[in-house]
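Work through the exercises below with the structure open beside you. Try each task before you read its solution.

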Amino acid sequence: MKVDTDRFLADLKRLREFGAFRTGVHRPTYSPQDMEARHWFLSRLREEGLEAEMDGIGNILGRSPKPGPHLLAGSHLESQNEAGWLDGALGCVAALHLAASGLPVDVAVFADEEGHYGSFIGSRSFTGLLEEAEIDRLANKYHDKPLRDALREAGLEGRPRIQADPARYRGFLEMHIEQGRQLEKRGLGIGVVTGIVAIWQWRIVIEGQQNHAGTTTMDERRDAGMAAVRLLAMIDEEFPRHCAERTVWTAGRIALSPGAPSIIPGRAEILFQYRDVDIDVLRRLETVLRRCVAESNRRERTEATLEALSLSTPAVCDPAFQDALEAAAEALAPGRSLRMPSGAGHDAQYLARIMPAAMLFVPSINGISHHWTEDTKDEDLALGMRVLAEGARRILAG
């Protein structure tokens with residue numbers, strides 16, 4: 001087994017040219033830039049001797065001709081809008097070079113991990129969790145194009161969707177940038193992921209009374225906007241008493257209606273989420289959130305309601321795979337690895353439902369991700385590639 005890290009870096013930088021935007025990429029799912037990148041990647045898989053195809057949802061699978069047992073490895077090629085060049089692409093190119101090194105590795109590229117049309121539709125399709133009826137319903141969250149139309153325009157309509165064959169694989173590996181600063185702050189080169197967080201998403205709607213901002217006295221108001229501010233302040237005060245060390249929470253959108261400067265808001269809508277790798281912590285925070293909403297209704301002249309939008313399940317990385325990756329890191333870069341959870345969602349969390357799975361992180365410069373300034377040093381990328389290959393070798397040998 002020999003990993004050519006120069007060719008690995010060259011392929012990464014070639015992929016960066018598809019949809020180039022400043023120092024990053026703009027490669028939305030099923031866009032011409034995304035499809036050009038997918039077809040280029042198909043050609044690279046075939047150059048390395050893999051039997052490669054793209055299916056009806058845009059997933060790519062390159063099958064190794066080598067005898068088993070096999071590993072599956074990969075990630076996604078599309079990007080967020082005007083975003084970074086490594087998120088997703090790194091895992092795809094790393095998988096390609098695992099196969100190119102001579103290991104019996106199949107390479108998977110999953111469509112729309114970034115969620116332009118839906119939640120992890122590629123990896124959910126591959127693992128049997130995406131129904132045709134959902135494909136009929138989905139549309140782009142930025143410009144409302146139906147998913148069916150996007151698939152037709154991309155030349156994917158009518159193709160069958162590839163289904164995973166868990167019996168073929170020892171498990172799944174995904175290499176990714178950290179998207180945070182834990183490794184960089186500690187001067188480390190490798191993160192061995194212990195688990196992938198679940199994201200619990202909620203909609204909070206507060207109903208008040210729309211009225212004139214100049215003639216309605218303060219004691220007569222039913223201001224949904226101010227009630228929303230006070231509720232979020234209460235949540236932000238209560239959550240630290242019940243969270244874990246790496247729990248995070250975000251009010252990602254606050255919409256006031258009608259949203260005019262001289263009108264008291266009659267309605268507020270908040271999209272709120274929290275993340276953790278421990279299901280007990282997630283449930284505990286749900287209790288706190290419901291209690292805060294109830295307390296808001298007791299105090300305010302408005303009425304708040306809480307709706308669960310998505311309550312996913314944390315994915316624990318396979319302990320034996322973690323051990324193999326950590327041993328590989330210690331052999332190649334002694335004292336430069338850290339076991340750590342992933343604060344972001346990844347395709348690996350869906351593969352973990354049907355086979356053992358693990359992830360390897362490399363540092364992100366300044367912790368930046370989902371922005372065109374996202375970057376990682378070449379030497380850290382090369383080290384990650386070598387550690388991934390050695391970890392894969394140990395897993396297959398075991």
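The exercises go from the whole chain to single residues, and the model is a predicted one.

**Exercise 1. Overall build**

Task: State how many helices and strands the protein has, and decide how its radius of gyration compares with the globule rule.

Solution:
- Count the elements. There are twelve helices and 17 strands.
- Take the radius of gyration. For the protein it is 23 Å, and the globule rule gives 21 Å for 398 residues.
- Compare. The two values are close, so the protein is as compact as a globular protein of that length.
- Add the dimensions. The C-alpha trace spans about 75 × 50 × 40 Å along its principal axes.

**Exercise 2. Inside and surface**

Task: Find what share of the residues is buried, and describe the exposed area.

Solution:
- Start inside. Of the 398 residues, 54% count as buried.
- Move to the surface. The protein exposes about 16,800 Å². Carbon and sulfur atoms supply 48% of that area.
- Check the charges. There are 48 positive and 58 negative side chains. The centres of these two sets lie 1 Å apart.

**Exercise 3. The nonpolar cores**

Task: Name the residues that touch the most other members of the largest nonpolar core.

Solution:
- Size the core. It holds 93 residues.
- Pick out the best-connected members. They are Phe-8, Tyr-30, Phe-41 and Leu-173.
- Look at one of them. Beyond its neighbours within four places in sequence, Tyr-30 has contacts that include Met-35, Ile-57, Tyr-117 and Leu-156.
- Find the other core. Apart from the largest one lies a core of 25 residues, among them Ala-198, Ile-206, Met-234 and Leu-289.

**Exercise 4. Pro-104**

Task: Locate Pro-104 and decide: buried or exposed?

Solution:
- Locate the residue. Pro-104 sits in the loop between α3 (89-100) and β6 (105-109).
- Apply the cut-off. Buried means under 20% relative accessible area. Pro-104 has 14%, so it is buried.
- List partners. With neighbours up to four places away in sequence set aside, Pro-104 contacts residues including Ser-64, His-70 and Leu-396.

**Exercise 5. Leu-388**

Task: Place Leu-388 in its element, then compare its sequence and space separations from Ala-329.

Solution:
- Find the element. Leu-388 belongs to helix α12 (residues 378-397).
- Judge burial. Its relative accessibility is 3%, so Leu-388 counts as buried.
- Compare separations. Leu-388 and Ala-329 are 59 residues apart in sequence, yet 8.4 Å apart in space, C-alpha to C-alpha.
- Name contacts. Residues up to four places away are not counted; Leu-388 touches Ala-94, Leu-98, Leu-173, Met-175, Leu-325 and Leu-360.

Definitions and conventions: Residues numbered from 1 in each chain as written. Predicted model: local features only at pLDDT ≥ 70, side-chain atom pairs only at ≥ 80, totals over all residues. Heavy atoms only, no water. Helix = DSSP H or I, 4+ residues; strand = E, 2+ residues; numbered from the N terminus. Rg over C-alpha atoms; globule rule 2.2 N^0.38 Å. Buried < 20%, exposed > 50% of the residue type's maximum accessible area, 1.4 Å probe, protein only. Areas by Shrake-Rupley, 256 points an atom, 1.4 Å probe, with all protein chains shown as cover. Lys, Arg positive; Asp, Glu negative; His and termini not counted. Charge placed at Lys NZ, Arg CZ, Asp CG, Glu CD. Core = buried A, V, L, I, M, F, W, Y, C linked by side-chain atoms within 4.5 Å. Contact = heavy atoms within 4.5 Å.
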